[in-house]
Amino acid sequence: MREDARESFVLKRLAAGVVWGLAVGSLSLVAAAPAQAAPPAVTLVSPADGAAVGTSTPLVVSVADADGDAASVTFEGRKKGLTVPGPTSSEPFSIAVVPDTQNYTYNNRWPTMNQQSQWLVDNRERLDLAFTVHVGDLVSEYTNPAQWQLVSAALKILDDANMPNSVVPGNHDFDNATGAVGPFDQYFPVSRYADAVWNTASTRYGGHLGQSQFGADPIDRRNFDNYALFTAGGTDFLVLNLEWEAPTYALEWADRVLAAHPDRTVIMVTHSFLTVSGSRWTGTQRPGGTSQAQLWNNFVSTHCQIRVVIAGHEHNGNEGEASRTDANTCGRPVHQLMTDYQDRPNGGDGWLRYYTFDPAANTMTATTYSPKLDRYETDANSSFVLPFELTPPVPAPFETIGTATVSGGTATATWGALAADTAYEWRAVVSAGGDTITSPVYTLRTAPLPPRLTDTFTRTTASGWGTADTGQTWVPASGASSFTVDGANGRITTAPGQSRSVDATVFRSTDLAVDAELTTSVAPGGSGGYISLLGRDTGSSDYRATVQLSTTTTAVTLRRVVNGAETVLATQRISGGVTAGTVVRVRFELSGTAPTTLRAKVWTGAVEPSAWSATTTDATAALQTSGGVGAYVYLSSTAGASVSTLLASYSAVGGTGSPPLPANTPPTAVISTPAITGRAVTVNGSGSTDTDGTIATHAWNWGDGTPAETGASKSHTYAADGTYVITLTVTDDKGATHSTTRSVTVTQPPPIQALVADDFGRSVTNGWGAAEVGGAWTATGTASRFAVADGVGLLRLTTPGTSAQVQAAATPAASAEVRLNLSWDRTAAAGALYTVISPRAVSSSADYRLKVYVSGTVPYLDLIRRTGGVETLLSRTALPDRITTAGTWYSVAVRATTVNGVTTLSAKLWPRAAAEPSTWQATTTDSTAALQTTGTMLLWSYMSGSATAPVATSFDGIRFTSVTP
């Protein structure tokens with residue numbers, strides 16, 4: 001190669017990035033390493049960190065790449081503090097529940113309590129037992145020291161093993177009349193728990209009512225009301241222990257405890273919360289107590305930290321378990337669980353309950369076990385799984401807002417649909433030349449919504465307007481009785497020559513828009529009535545749009561009032577007069593300061609005019625400030641009659657113009673567990689919620705082609721067996737909807753062949769004649785006390801201290817059931833009510849019977865053995881329903897079944913219009929030899945010797961059937 005050619009070649013290769021090495025006699029080539037590419041640089045330009053923005057804002061970033069590569073920019077954002085359930089490695093853990101121990105504290109049953117405690121100690125590691133609670137009724141007789149010593153020693157087994165535990169007092173643990181803590185404080189004092197060895201940094205006794213831990217406590221209840229803290233499965237828990245039927249002072253203390261621990265998941269323990277049927281009592285048994293229903297409505301449901309309620313107290317024979325789940329006011333499920341086995345053999349046979357929480361599966365599993373019997377109970381009431389979210393939250397991932405591609409310079413994206421008054425985080429992720437860089441995170445906060453007042457007057461008040469839909473209180477300036485709300489309108493009644501005004505006490509704004517829809521009850525004569533919408537109202541000064549209404553004139557005037565002196569700024573006649581009931585719509589706006597622009601429009605009909613009726617400006621210094629809103633009515637002295645001005649709606653929005661309402665949050669439809677009897681299904685949607693309003697309608701689609709029905713709770717009977725999907729659609733007060741479904745499987749049981757069936761489709765003057773199935777009725781006593789008319793069998797008693805009986809001539813049955821409907825023509829206010837239904841009448845002096853006994857308003861189910869004409873009360877059960885209205889029909893069922901010489905008696909009573917209880921309300925057993933045989937049915941009624949009025953009992957739908965034990 002010629003030298004000049006070689007030089008040219010080398011220069012070319014150098015330009016191409018190849019380095020040559022020259023050696024004597026040879027020429028070698030060495031490739032140079034490529035230069036390291038510089039990563040892109042990204043800078044967040046706007047909004048600045050911590051900036052305040054609107055609900056839509058542009059995001060701007062600056063991107064630079066030294067190599068000139070095109071850069072891909074991804075804008076990402078999320079709500080600040082937003083979390084999602086995160087992965088967990090936590091193992092399952094358990095809490096144990098020791099139900100009522102009162103019946104173990106006598107008749108030498110105390111070893112069972114020791115067995116329970118020792119079993120919990122022995123299985124602590126296997127169950128990873130984090131905490132143990134006792135639900136109260138520690139003893140049977142609070143005045144008996146021996147009983148306290150036994151239960152204290154049994155629970156000391158847990159203390160000695162350093163196992164965290166707590167107790168609450170039940171109704172048997174103190175003097176219910178006075179509420180005095182008594183011996184409970186001697187055996188289970190605060191020190192027993194506050195000084196326990198098991199107290200650590202993560203698990204500890206928290207405190208008690210009387211400690212003044214979170215403000216002054218008005219009373220010292222010692223350990224009656226207490227709380228404890230523990231951490232398990234990555235979750236911080238608070239165990240809130242409340243005394244039986246917690247009075248107001250206990251609930252106010254609990255408010256303070258929960259407010260001081262806002263991030264704790266709360267397990268509430270109290271002695272009584274559910275009945276055996278899963279309902280809640282509405283009455284109380286101690287002075288100043290809180291009923292089960294009130295405790296849910298006014299405390300548990302409004303404290304969204306409470307996720308579980310654990311209780312005991314309720315029992316009925318072998319029935320001592322109940323559970324239900326309801327949504328609280330935040331829409332979150334609250335599991336309510338009741339266990340009480342004291343009616344079972346040997347005081348409860350050692351049955352206890354533990355709940356295993358699995359953070360990975362987000363479940364809570366109930367297990368029921370007896371250390372005494374070494375047996376698990378596996379029926380659906382005793383062994384079940386509930387959803388329970390436990391996974392520790394982690395920050396929510398960033399979501400993509402938008403993307404852009406740039407070659408240096410700036411990139412932009414718009415972040416829209418942001419919630420008002422909310423903090424957000426954003427960042428940019430930039431990729432260029434194979435490198436990806438993530439910017440720092442900036443925060444921003446959207447401005448709060450302008451103040452808003454809205455009122456549709458759907459409440460009822462007799463004096464004053466009360467509180468608007470959005471929470472502001474209306475305050476009449478004078479004559480509160482002139483202001484009423486009738487469920488549809490806010491009414492201002494004014495006599496000729498009078499004025500009335502009302503103001504909202506919370507709303508304040510400089511720029512605002514006020515809208516109202518109004519009518520008058522009478523079209524005022526003379527110069528008419530003047531109705532004003534007020535803005536920047538400071539009490540003595542305001543701007544106002546005044547609408548003049550009369551039979552001849554409709555006009556609008558813009559005015560200012562300063563220290564009571566009124567000045568007309570602009571006026572405009574709109575049209576002729578109006579008639580009574582004409583709907584007039586008014587809009588009044590204020591914007592800017594020094595000067596302020598005032599404008600108003602008034603119209604009738606559905607179409608809003610585009611032009612303003614009147615516009616003006618004003619710069620009066622006293623009114624260049626924020627103020628409230630209100631309404632003012634003046635009726636001319638020539639009007640001729642008093643006039644009621646009716647406002648169907650009133651709204652005020654702060655800010656310039658009329659900003660739109662905030663987006664409506666749709667409601668959430670919830671169907672509680674349906675009750676199914678044969679093909680009849682009862683559903684309840686009252687747990688449905690609307691976070692920013694109210695549920696307006698509940699609509700049910702039954703899934704069988706029948707018409708939809710409305711109502712929060714409904715019943716439906718299917719025509720055929722099968723599985724159906726029930727759909728509930730709820731609509732909120734702003735028209736948004738949400739639907740949810742439940743599948744139900746219904747099966748019509750085979751028809752029962754009745755031994756006696758009587759629907760009284762005949763007319764008989766003396767006696768009942770013959771039943772439609774089962775033969776003649778035989779009456780004992782005066783036949784004129786019995787009659788059949790209008791589809792019912794009547795049994796009438798007119799003389800105090802008398803009774804009457806009627807018996808069916810049916811085939812006797814060994815195990816049988818009676819079902820019927822009954823009503824009384826008076827209440828028990830004129831004398832207690834007594835009606836007997838026997839499913840096994842062996843002879844004229846021997847039978848098993850249910851006596852429905854009503855004293856005051858309380859119905860009782862008395863299960864009775866009658867031998868030799870003498871009654872022996874086997875059990876008495878008070879029912880939660882109250883009987884207060886004469887003529888109300890009730891359904892009754894009572895059965896007697898015999899196995900191996902032992903008869904089980906069971907009974908239930910419920911309003912005929914309601915769903916039948918799923919379980920027996922009263923049950924007992926008896927083995928009296930003379931009654932372990934067959935029998936027929938009878939009915940009996942008695943008029944109390946102290947009664948002051950006769951009583952007629954009506955019967956219908958009688959069925960006497962043989963059943964299989």
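How many bridges pair strand β60 with β61, and in which sense do the two run? Strand β60 (residues 858-867) and β61 pair over eight bridges, in the antiparallel sense. The model is predicted. This briefing covers its sheets, a helix pair, its cavities and a few backbone details.

**The eight-strand sheet**

- Eight strands make up an open sheet. Their order is β52-β53-β56-β65-β58-β59-β60-β61, and the pairing is antiparallel.
- The edges are held by β52 (770-771) and β61 (870-878). Each has a single partner strand, so one side of each is left without a neighbour in the sheet.
- For β61, the strand order places β60 beside it. Eight bridges join this pair.
- One residue pair helps locate the contact: Asp 862 stands opposite Arg 876 in β61.
- A general point helps when viewing any sheet. In a regular strand, side chains alternate between the two faces of the sheet.

**The three-strand sheet**

- Another open sheet has three strands, in the order β3-β5-β24. Its pairing is antiparallel.
- β3 and β24 stand at the edges. Each has a single partner strand, so each has one side without a neighbour in the sheet.
- Neighbouring strands here are turned by 25° against each other on average, direction ignored.
- Strand β3 (residues 41-46) pairs with strand β5 (residues 57-64) over five bridges, in the antiparallel sense. Leu 44 has Val 61 in β5 as its bridge partner.
- On the β24 side, seven bridges join β5 to strand β24 (residues 409-415). These two strands also run antiparallel. Ser 62 stands opposite Thr 410 in β24.

**Strands β29, β31 and β32**

- Strand β29 (residues 460-461) is joined to strand β31 (residues 483-486) by two bridges, and the two run antiparallel. The bridge partner of Thr 460 is Asp 486 in β31.
- β31 also pairs with strand β32 (residues 490-494), over three bridges in the antiparallel sense. Thr 484 stands opposite Arg 491 in β32.
- β31 and β32 form a hairpin, with three residues between them. In the turn, Gly 487 has a positive phi of about 95°.

**The α2 and α4 helix pair**

- Helix α2 (residues 110-122) and helix α4 (residues 145-160) have axes that come within 8 Å. The axes cross at roughly 10°.
- The two helices are therefore roughly parallel to each other.
- From α2, the contact includes Trp 110, Met 113, Asn 114, Ser 117, Gln 118, Leu 120 and Val 121. From α4, the residues they meet are Leu 150, Val 151, Ala 154, Leu 155, Ile 157 and Leu 158.
- By class, the contact of α2 with α4 has 10 nonpolar residues, three polar and no charged.

**Cavities**

- Rolling a probe the size of a water molecule over the atoms shows where empty space is left.
- The count comes to four cavities of 30 Å³ or more. The largest has a volume of about 70 Å³.
- Which residues line the largest cavity? They are Thr 494, Thr 520, Pro 524, Gly 529, Tyr 530, Ile 531, Leu 549, Val 633, Tyr 634, Leu 635, Val 643 and Thr 645.
- Three elements give two or more residues to this lining: β35 (529-537), β42 (628-635) and β43 (643-654).
- The lining of the largest cavity has eight nonpolar residues, four polar and no charged.

**Backbone details in loops**

- The peptide bond from Ser 46 to Pro 47 is cis, with omega near 0°. Pro 47 lies in the loop between β3 and β4 (51-53).
- A cis peptide bond also runs from Ala 594 to Pro 595, with omega near 10°. Pro 595 lies in the loop between β39 (584-591) and β40 (596-604).
- His 313 is not a glycine, yet it has a positive phi of about 80°. His 313 sits in the loop between β15 (306-311) and β16 (321-327).

Notes: Residues numbered from 1 in each chain as written. Heavy atoms only, no water. 1 Å grid on protein atoms, 1.4 Å probe; cavity = no way out; pocket = protein on both sides within 12 Å on 5 of 7 lines; lining within 4 Å. Points joined across faces, edges and corners; volume = space filled by probe spheres on them. Helix = DSSP H or I, 4+ residues; strand = E, 2+ residues; numbered from the N terminus. Nonpolar A, V, L, I, M, F, W, Y, C, P; charged D, E, K, R; others polar. Axes fitted to C-alpha atoms, helices over the stretch in contact; angles between N-to-C directions. Parallel < 35°, antiparallel > 145°, perpendicular 65-115°, else oblique. Contact = heavy atoms within 4.5 Å. Pairing = 2+ DSSP bridges.
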